[in-house]
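Student: Could you take one part of this structure and go through it with me slowly? I would like to follow how the pieces around a single place fit together.

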Amino acid sequence: MPNRGSVHRVAAVTVAVCVVALGATPAHAGPGAAQLALPAAPPRVFFGLVSEDAFQVEGAYRQMTLATQSSLGVGLLRETFDWSKIEVSPGNYDFRWYDQFVADTARAGIAILPIVFRTPTFRGGVPGVLAYPPTKYADLGAFAAVLVQRYGPNGTFWAENPSVPRMPIRAWQVWNEPNLKAYWPRGPNAKQYAKLLKAAAGPIKAADPGAEIVTAGMPESKVGVPLRKFIPGLYKAGAKKWFDTLAINPYGHTAERVDKNLAAARKIMRSYHDKAPIWATEVGWSDSGPGGLQLVGPEGQATQVGDLIRILVRDRRRLYLRGVVYFNWRDAPPYSDKDFWGLHTGLLTLDGQPKPAYYALQASLAAALRSG
């Protein structure tokens, strides 16, 4: 995640780029995206982004960024609703930053998929650790209910801000990547995550019976529990009763591999007689930076982004796919001088310049949205 200061330093140049990009003619139309016949158009909310810069920098930069994203056909942003930053002390909540973000996205006509995540130290979080489950899982449920009561259909935010277009948050993602030790330091355990999911689902549904409970996005990773083990573990623990949509982060070297990862998850779900939707809540490729399977170069990134939209729109009915979220809108600087491929997956460079992948997304979304 880029620090707020680094984003401010390039905000002005990116605003200028976005003004141009709103009316840009694609310099890179992607691999045949506009020429391919696609099925009937999916809803705009099908297409999502992670855009930490839009969250971290308010004012003109955020508004222009959201306007640009909306003009491309993006209908959703996935964003961490950081428990450790909102509940500042037991029972005391600071909503100011999130209130402004919710207001700005609503004015732009963009929905939010919040990740309910990151435990405060007084609820069991461990200083210096990226993420640690709460000591009492019920505490996460109580916090999630507070969020629904603030931003859900009967939320106090909407009553207090009648000039903001009403776009209540209805989908809530519980945690992130619990099959990786980085996000479940006690050691990934499907049964334990199922208990956390249950603890969150009840209070969320009590606050909004129509809410959509989304599981944490789970990646297929060599450093985590394989999905062929973790997803069945969830079903064996009874988790089917506690979610409406199964999320995976189906990273793959190619868009075709992403599609196969989603198909593999659907196959597991069928074996447990589950017809719930799947949501691809994080996927992306890097054009530069440290090596790895996701490093594909500038033209490779453009090719995979264009193919991703085309393939997932084509297969969304077969997979019963809820949507796809691309990571990331813009590159980010190294964390304390530590670089990795995930900081180079942006559609924009660190200085806010559109990459070939930006134009591939522009062309592919235009084709998908007019296909109906």
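Tutor: What follows is a close look at the packing of two helices and at the cavity that they help to line, in a model that is predicted.

The two helices are α11, which covers residues 297-319, and α12, which covers residues 356-369, and they pack with their axes 8 Å apart at an angle of about 15°. Angles under 35 degrees count as roughly parallel, and α11 and α12 are therefore roughly parallel to each other. As for the sense of the crossing, α11 passes α12 in a right-handed way.

The side of the contact that belongs to α11 is made by Pro298, Glu299, Gln301, Ala302, Val305, Gly306, Ile309 and Val313, while α12 brings Pro356, Ala357, Ala360, Leu361, Ser364, Leu365 and Ala368. Sorted by class, this contact between α11 and α12 has 11 nonpolar residues, 3 polar ones and 1 charged one.

With the helices in place, we can turn to the cavities, of which the structure holds 2 with a volume of 30 Å³ or more. The largest cavity has a volume of about 70 Å³, and the elements that give two or more residues to its lining are α11 and α12, together with β1 (47-50) and β11 (321-327). If you go through the lining residue by residue, you will find Phe47, Gly48, Leu49, Val74, Val305, Leu308, Ile309, Val324, Tyr326, Leu361 and Leu365. Among these, Val305 and Ile309 also belong to the α11 side of the helix contact, just as Leu361 and Leu365 belong to its α12 side. By class, the lining of the largest cavity has 10 nonpolar residues, 1 polar residue and no charged residues.

It may help to set this beside an open place in the model, the second largest pocket, which has a volume of about 190 Å³. This pocket is lined by 16 residues, and those that lie nearest its centre are Ala111, Ile112, Pro168, Ile169 and Arg170. Here the elements that give two or more residues to the lining are α5 (96-108) and β5 (111-117), and the largest share, 3 residues, comes from α5. The lining of the second largest pocket has 12 nonpolar, 1 polar and 3 charged residues, whereas the lining of the largest cavity, as we saw, has no charged residues.

Definitions and conventions. Residues numbered from 1 in each chain as written. Predicted model: local features only at pLDDT ≥ 70, side-chain atom pairs only at ≥ 80, totals over all residues. Heavy atoms only, no water. Axes fitted to C-alpha atoms, helices over the stretch in contact; angles between N-to-C directions. Helix = DSSP H or I, 4+ residues; strand = E, 2+ residues; numbered from the N terminus. Parallel < 35°, antiparallel > 145°, perpendicular 65-115°, else oblique. Left-handed = near helix turned anticlockwise from the far one by under 90°. Contact = heavy atoms within 4.5 Å. Nonpolar A, V, L, I, M, F, W, Y, C, P; charged D, E, K, R; others polar. 1 Å grid on protein atoms, 1.4 Å probe; cavity = no way out; pocket = protein on both sides within 12 Å on 5 of 7 lines; lining within 4 Å. Points joined across faces, edges and corners; volume = space filled by probe spheres on them.
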